Amino acid sequence: MSKNIYLPKLARIAGIKDEVPGARGIKTFFVEFPDGDGFEHECGQCAMISVFGKGESMISIASAPAVKEYKQFSIMRTGRVTTAIHDMKPGDIVGVRGPYGNKFPLENWKGRNLVFIGGGVGLAPIWPVIQTAVANRADFGKISVFYGARTSRDIMYAEALEALRGAADVHLSIDAPEEGWQGFCGFVPANLLDKPQSPDNAVAVTCGPPIMIKFVIKNLIGMGFADEQIYTTIENKMKCGVGKCGRCNAGKDYVCVNGPVYSWAQLKDMPQEY
Ligand SMILES: Cc1cc2nc3c(=O)[nH]c(=O)nc-3n(C[C@H](O)[C@H](O)[C@H](O)COP(=O)(O)OP(=O)(O)OC[C@H]3O[C@@H](n4cnc5c(N)ncnc54)[C@H](O)[C@@H]3O)c2cc1C
Ligand code: FES
């Protein structure tokens, strides 16, 4: 009999880290495959996480491909499935199928300066790229990481971002002033404008709310970045994850197969179905 492509692997939640509190809080789940039945992945790929009896959600794999012991998923509580995942405890079993989608072409970026710009839970899809670039620090030029959240309590990976300093220039922002805040106050695109980045030999990668991405790309282009130098990911709703159901369709693309990683040169010519 042929293998059922929708059948998830069983995985155990080995640990949970509370990242951001609140109704739309974020938790990071560290997931292990107890029978050694895991899978390799590339930076930018996703996996379908299932909670039995509730449903499935497509989630970016936030750990670097070099990390073999577990897969990391940082999940915002949004609705039915993500709330069910948030209610789970270490030791609970989830379904994981994947990896799905394309990847960031990091191997083509060796020797270049990298500028990462994230907002909210949008740091998760670009986190494996940042981690891999920093782990191979000598392969890349200057690394800059911009990240913004609504308030200081909404900053995910807070300690890990601090630990990046030294290997990368880290520029944090919150939307409005707070007592004791040392970083930038204002939206992420404004923080980027405040610290203009040279397009020379550089690649910029951005992920976050669509409105943030729109203005980040506008500002990067204003700084002289070419469309081919700007990468982002798109999050069309997905069901099958394998190019069969058409749920994620954008133009001629199945985003679950051809995406979610696109250069702006590719994306700007696609119909606005993302
Ligand atoms: C490629 C890809 C990568 C993703 N990576 C992450 C990640 O790393 N972390 C994370 O927290 N989330 C990620 N998401 C979004 C995540 O899949 C959805 O938030 C989740 O499926 C919502 O499921 P739910 O049952 O909890 O919400 P539902 O009850 O289905 O919906 C709740 C609300 O969220 C909206 N919604 C549902 N799915 C999406 C979606 N894909 N995009 C925008 N709005 C949606 C619904 O319209 C509704 O308003 C990703 C999505 C894609 C396609
Ligand atoms: S999610 Fe089914 S085709 Fe992409």
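**Ligand 1 shell and nonpolar core**

Ligand 1 is surrounded by 18 residues, of which Ser 57, Met 58, Met 76, Thr 82 and Lys 237 come nearest. The model is predicted. Two topics follow: the ligand shell and the largest nonpolar core.

**Polar contacts of ligand 1**
- A polar backbone atom of Met 58 lies 2.7 Å from an oxygen atom of ligand 1.
- For Arg 80, a polar backbone atom is 3.1 Å from an oxygen atom of the ligand.
- Thr 78 takes part through its side chain: an N or O atom there is 3.4 Å from an oxygen atom of ligand 1.
- Ligand 1 alone exposes 880 Å². The protein buries 71% of that area.

**Make-up of the shell**
- Eight shell residues are nonpolar, seven are polar and three are charged.
- Strand E4 (55-60), strand E5 (71-76) and helix H1 (80-86) each supply at least two residues of the shell.
- E4 gives the most, with four residues.

**Largest nonpolar core**
- This core has 36 residues. Trp 109, Phe 116, Leu 123 and Leu 161 have the most contacts inside it.
- Helices H2 (123-135) and H3 (158-164) each supply at least two core residues. So does each of the strands E7 (113-119), E8 (143-149), E9 (169-174) and E11 (202-207).
- H2 gives the most to this core, with seven residues.
- Domain 1 (9-100) and domain 2 (106-233) each contribute at least three residues to the core.
- In soluble globular proteins, nonpolar side chains tend to be buried together.

Conventions: Residues numbered from 1 in each chain as written. Chains lettered and ligands numbered in written order. Predicted model: local features only at pLDDT ≥ 70, side-chain atom pairs only at ≥ 80, totals over all residues. Heavy atoms only, no water. Near = heavy atom within 4 Å. Polar contact = N/O pair within 3.5 Å; in protein donor to acceptor, adjacent residues only side chain to side chain. Areas by Shrake-Rupley, 256 points an atom, 1.4 Å probe, with all protein chains shown as cover. Nonpolar A, V, L, I, M, F, W, Y, C, P; charged D, E, K, R; others polar. Core = buried A, V, L, I, M, F, W, Y, C linked by side-chain atoms within 4.5 Å. Buried < 20%, exposed > 50% of the residue type's maximum accessible area, 1.4 Å probe, protein only. Domains from an automatic or database assignment.
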